[in-house]
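This report describes the overall build of one protein chain and then turns to its interior.

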Amino acid sequence: MELRSLDGSVELEGNLISYDGAFYRLDTVYGPLTVSAEGVSCAGPGCPNLATFVAEARVAGAATVAEGLLPALLEAFASSRGMSMGVEEGPAYVLRRSDGSPAARFAVTPGTTDDGFLSLLNGEADIALALREPSQAEVAASEAASPDDPPLDDRVRVLALDALVPVVSPDNPINALSLPEIARLFSGDVTNWAEVGGPDAPVALHMLAPGLGLSQAFSTRVLLPSEASMSDEVTRHVSAEALAEAVTRDAYAVGITARSAVGPARAVPLMGECGFPLSASTDAVKAEDYPLTAPIYMYLAPRRLPLLVRQFLAFTETEAAEAHVAAAGFVNQLLTRTPLALQGERLGNAIRAAGDEVDLAALQEVVGTLGTAERLSTTLRFNPGGAVLDIQSRASVGRLAAAIERGAFDGRQLIFAGFSDSDGPATVNARLSLRRAGVVRDAVRAAGVADASRVEMVAAGFGEAMPMACDDTDWGRAVNRRVEVWVD
């Protein structure tokens with residue numbers, strides 16, 4: 001094929017590698033080149049038909065997302081562009097122009113998170129839907145297959161949020177469970193409810209199938225830290241709906257499932273040894289204050305995806321898309337605000353945890369700084385042992401920067417409030433929390449805030465003064481190490 005500039009001054013020959021609806025990719029004597037279709041005309045047998053071009057995308061992975069969320073988002077995206085959506089066998093979701101011609105085809109293979117990563121790594125999928133982060137083996141396989149491409153962590157988007165929750169029958173009198181108790185239950189260490197404050201009755205265990213991402217996340221985040229392994233007496237289920245129904249029928253059953261699929265069962269709050277209750281409320285999941293928050297990820301192939309597919313990915317981050325996320329039972333990522341006066345539970349926790357190193361003056365400083373402000377649902381956390389933001393927090397930085405650019409906080413003050421766990425001297429923790437708050441503030445500024453004068457951004461550090469969870473476990477300390485964002 002030959003590409004020629006519209007004024008005829010430049011000509012370029014080569015073999016067509018791909019066309020994505022906006023750019024040609026050619027293999028030329030100069031090597032592979034990418035050329036915008038807007039500025040050139042095309043001649044030769046390799047030229048695609050621009051009028052009938054159909055964007056193709058292959059999606060594989062978590063069935064709960066592929067079946068329970070993706071179709072609604074695709075239909076909403078089609079409607080936003082004046083298109084309609086139809087379903088073909090496969091399944092494949094076809095977006096059609098107003099004249100009925102196909103504009104895009106999303107071939108979807110529902111399965112497990114394992115299936116999604118395998119298809120992505122084998123080049124059989126463009127988008128992997130995952131309920132966990134990739135394992136070390138999957139990261140290594142990706143690097144070995146394409147060492148020059150961006151790593152998986154740079155090719156990921158957070159589509160929605162969910163959470164792992166323990167569920168029991170409405171007839172079960174148990175009111176709360178700690179993570180160590182849950183680990184002992186599912187490892188078979190505890191076989192009678194009386195051992196965890198319940199009735200004198202045998203425990204029946206229910207869990208999702210091993211290949212499902214939520215089941216793997218439970219093993220990694222609950223059993224592994226307790227050096228426990230899954231009991232052989234667990235009843236496995238291929239869907240969260242089936243698990244919820246089975247638990248509901250048995251007054252002495254307990255299961256681990258998704259917050260979005262509790263169904264007729266009853267979700268049980270997590271309770272730390274120090275008495276802090278943690279429920280998987282919408283605000284707690286958005287802020288990752290709930291320790292078993294489970295983001296829903298889209299991992300992308302390293303190649304350029306067709307234009308219409310990229311536009312769909314951008315649509316998933318809009319307010320219109322977030323409404324469909326919530327309607328499907330998941331937690332969306334829209335920014336919400338909660339004044340300090342409505343945060344009685346965490347204030348009560350702070351008072352209970354106060355001691356020699358956190359005195360009345362420290363609590364008064366928190367109230368004095370944040371008393372008239374509202375807490376945004378955006379909360380930032382770091383990867384273990386460093387100052388690198390985790391995947392969800394990196395996505396949150398981008399969303400916050402975009403909100404600032406839209407003028408959502410014009411004339412206001414954003415307070416980046418850093419908090420720490422209680423491991424170490426309180427004075428050291430206060431300095432560490434302030435430093436991390438500054439890191440987040442600077443990351444937001446660097447994420448594309450063109451005019452920093454529109455909003456005042458300040459960093460504050462309060463150390464261990466406002467814990468969200470008990471500090472007697474690794475997960476509790478991880479929840480407490482955070483940077484919150486407040487608007488005043």
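A residue counts as buried when its relative accessible area is under 20%. By that cut-off, 48% of the 488 residues of the protein chain are buried. The model is a predicted one.

The protein chain contains 15 helices and 24 strands. Its radius of gyration is 25 Å, close to the 23 Å given by the globule rule for 488 residues, so the chain is as compact as a globular protein of that length. Among contacts with a separation of 6 or more, 70% join residues 24 or more positions apart.

Some values for the whole chain are set out below.

| Property of the protein chain | Value |
|---|---|
| Span of the C-alpha trace along the principal axes | about 80 × 55 × 40 Å |
| Exposed area | about 21,300 Å² |
| Part of the exposed area from carbon and sulfur atoms | 51% |
| Distance between the centres of the positive and negative side chains | 4 Å |

The charged side chains number 38 positive and 63 negative.

Inside the protein chain, the largest nonpolar core has 113 residues. Strand β12, residues 156-168, gives the most to this core, with 10 residues. The residues with the most contacts inside the core are F186, W193, F218 and Y299.

Which residues does F186 contact, leaving aside its neighbours within four places in sequence? They are L205, H206, M207, F218, L223, S229, M230, S231, V234, V254, G255 and I256.

Apart from the largest core lies another, of 21 residues. Its members include L380, A401, L414 and V440.

Notes:
Residues are numbered from 1 along each chain as its sequence is written. Side-chain values use heavy atoms; hydrogens and water are left out. Helices (H or I, at least four residues) and strands (E, at least two) are DSSP runs, numbered from the N terminus. The radius of gyration is taken over C-alpha atoms; the globule rule is 2.2 Å times the number of residues to the power 0.38. Buried means under 20% relative accessible area, exposed over 50%, partly exposed in between (1.4 Å probe, protein chains only). Contact means heavy atoms within 4.5 Å. Accessible areas come from the Shrake-Rupley method with a 1.4 Å probe; for residues, only the protein chains shown count as cover. Lys and Arg count as positive and Asp and Glu as negative; His and the chain ends are not counted. The place of a charge is taken as NZ of Lys, CZ of Arg, CG of Asp or CD of Glu. A nonpolar core is a set of buried Ala, Val, Leu, Ile, Met, Phe, Trp, Tyr and Cys residues joined through side-chain atoms within 4.5 Å.
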